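Open the model in a viewer and keep the selection panel at hand. The stops below say what to select and what is found there.

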Amino acid sequence: MKVAFFDTKPYDIPSFDRYGKEQGITFKYFETKLNEDTVDLANGYDAVCAFVNDTVDATVIDRLVAMNIRVLALRCAGFNNVDMKYAYGKIHVLRVPAYSPYAVAEHAMALLLTSIRRIHKAYIRSRDFNFSLSGLTGFDLYGKTVGVIGTGRIGRVFIDICRGFGMKVLAYDKFPAKGLDNGDTIKYVELDELFANSDIISLHCPLTDETYHTIDEVSLDKCKKGVVILNTSRGALVDASALLEGIKSRKVGAACLDVYEEESDLFFEDNSGHIMEDDVLARLISMPNVIVTSHQAFLTEEALENIAETTVENLVGFFEKGQCPNELCYRCGGTEDCKDGKCF
Ligand code: NAD
């Protein structure tokens, strides 16, 4: 089997080569992202493998079908970059629903601790032998309330980590997890209650029409002054301009972003020699209380291994048995009343 692999980075290749070789799959690694300008590179391949910032819209789907390619193997969990409604009946979309929830949840906590204990500032200072502590005062996480939006795999690991710090948890999910609410330290509440009472808000839900701009001017208005916003999920869950205004007005105490709504042309690439055209991102990055990482929460050795192993299993399963447990719902693609990519 020959698979066209888009948006390749050097760290993808060793594990995909190893698992592919074991199963007789040859990957052709293209550095370019998949979009309507590059889709024709897939001509002659049996399937396409794509990542978070590849664009799989109607035009790309039509081209793939015209080239007789019926399988798209996403090597990620989220699928907001695929037009699933249009894909219905045309192309099968496989994904890696879980590869390491620990990788993402631990990165979220790493960002939070870095931000509120000013580690990013202290690191730079001490490299310059500046051992002054002025301006580095943080706050204890113990006893604080964290609002967790989305209590799936990653959200629940993040809750466990927060509980280890002695934090209280207010949770919100469209489909609450059974047995998680203990009526005391972990409680499911409505979004407005979560906004009003959380010191820190962490996003762990998928990006859908419903969750688009969950954090915006209106929701920020309902939050506590000094709230810390943590987004390791998908950029467009947060209205970046509203967040910037919240930072400027001091309503938002800090923001930690591993994702950004306009990240697709910027993240994963070295833009250090270029003029930054995105004024909102440039202004956010200039703030002392904003930390941005470049969609790296998934990037652990364990996650890379699991991503390659599951993607290869998905392809082999689909081509040999004609079905794959990790195929996304063919009907609504998780956009409606759909849990784990399967309609009820
Ligand atoms: P998951 O499917 O296990 O959990 C998502 C949860 O969100 C589910 O419990 C679901 O019921 C809930 N949800 C769905 N719609 C909702 C809504 N309208 N409001 C509130 N909650 C809603 O997924 P996961 O593995 O925990 O991943 C969560 C998200 O993390 C993914 O969607 C992806 O966007 C993001 N992610 C980011 C990275 C990264 O590197 N930064 C890596 C992996 C995943």
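Is Tyr260 buried or exposed? At 5% relative accessibility, Tyr260 counts as buried, where buried means under 20% relative accessible area, exposed over 50% and partly exposed in between (1.4 Å probe, protein chains only). The model is predicted: local features need pLDDT of at least 70, side-chain atom pairs count only at pLDDT 80 or more, and totals for chains, interfaces and linings use all residues. Residues are numbered from 1 along each chain as its sequence is written, and side-chain values use heavy atoms, with hydrogens and water left out.

**Stop 1: Tyr260**

Select Tyr260, in the loop between strand 11 and helix 10. Helices (H or I, at least four residues) and strands (E, at least two) are DSSP runs, numbered from the N terminus. Not counting residues up to four places away in sequence, Tyr260 touches Gly235, Ala240, Phe267, Asp278, Val280, Leu281 and Leu284; contact means heavy atoms within 4.5 Å. Show the side chain of Asp278 as well: the side chain of Tyr260 makes a polar contact with it at 2.8 Å. A polar contact is a pair of N or O atoms within 3.5 Å; within protein, one must be able to donate a hydrogen and the other to accept it, and residues adjacent in sequence count only if both atoms are side-chain atoms. For a distance label, add Asn231, which is 29 residues from Tyr260 in sequence and 8.5 Å away in space, C-alpha to C-alpha.

**Stop 2: helix 9**

From Tyr260, go to its contact Ala240 and select helix 9, residues 240-248. Ala240, Ala242, Leu243, Leu244, Gly246 and Ile247 are buried there. These buried residues pack against helix 8 (217-222), strand 10 (227-231), strand 11 (252-257), helix 10 (279-286) and strand 12 (290-292). At the start of the helix, a side-chain oxygen of Asp239 reaches to within 3.1 Å of the backbone nitrogen of Ser241. After the helix comes Arg250, with a positive phi near 75°.

**Stop 3: strands 1 to 4**

Select strand 3, residues 47-50. Which of its faces are covered? Both are: Ala47 and Cys49 on one side and Val48 and Ala50 on the other are all buried. Strand 3 pairs in the parallel sense with strand 1 (residues 2-5) over 3 bridges, and with strand 4 (residues 71-74), also parallel, over 3 bridges. Two strands pair if DSSP finds at least two bridges between them. For single bridges, pick Ala4 with Val48 and Cys49 with Ala73.

Strand 1 is also joined to strand 2 by 4 bridges, running parallel, and Val3 stands opposite Phe27. In strand 2, Phe27 and Tyr29 make up a covered face, while Thr26 and Lys28 make up an uncovered one.

**Stop 4: the rings around Phe27**

Stay on Phe27, which is buried with a relative accessible area of 8%, and add Phe16, buried at 2% relative accessibility. The two rings form an edge-to-face pair, 5.3 Å centre to centre with 85° between the planes. Rings of Phe, Tyr and Trp (its six-membered ring) pair if their centres lie within 6.5 Å; planes under 30 degrees apart count as stacked, over 60 as edge-to-face and the rest as tilted. Phe16 lies in helix 1 (residues 13-22) and Phe27 in strand 2 (residues 26-29), so the pair ties together parts 11 residues apart in sequence. Extend the selection to Phe5 and Tyr29: ring pairs link these two with Phe16 and Phe27 into a cluster.

**Stop 5: the core and Val93**

Phe27 is also one of the residues that touch the most other members of the largest nonpolar core, which has 84 residues. A nonpolar core is a set of buried Ala, Val, Leu, Ile, Met, Phe, Trp, Tyr and Cys residues joined through side-chain atoms within 4.5 Å. Helix 11 gives the most to this core, with 8 residues. A second, separate core of 26 residues includes Leu141, Ala177, Tyr188 and Cys256.

Val93 is also among the residues with the most core contacts. Beyond four places in sequence, its contacts include Leu72, Leu74 and Asn326. Finish on Asn326, in the loop between helix 11 (301-321) and strand 13 (338-339). Asn326 counts as buried at 19% relative accessibility.
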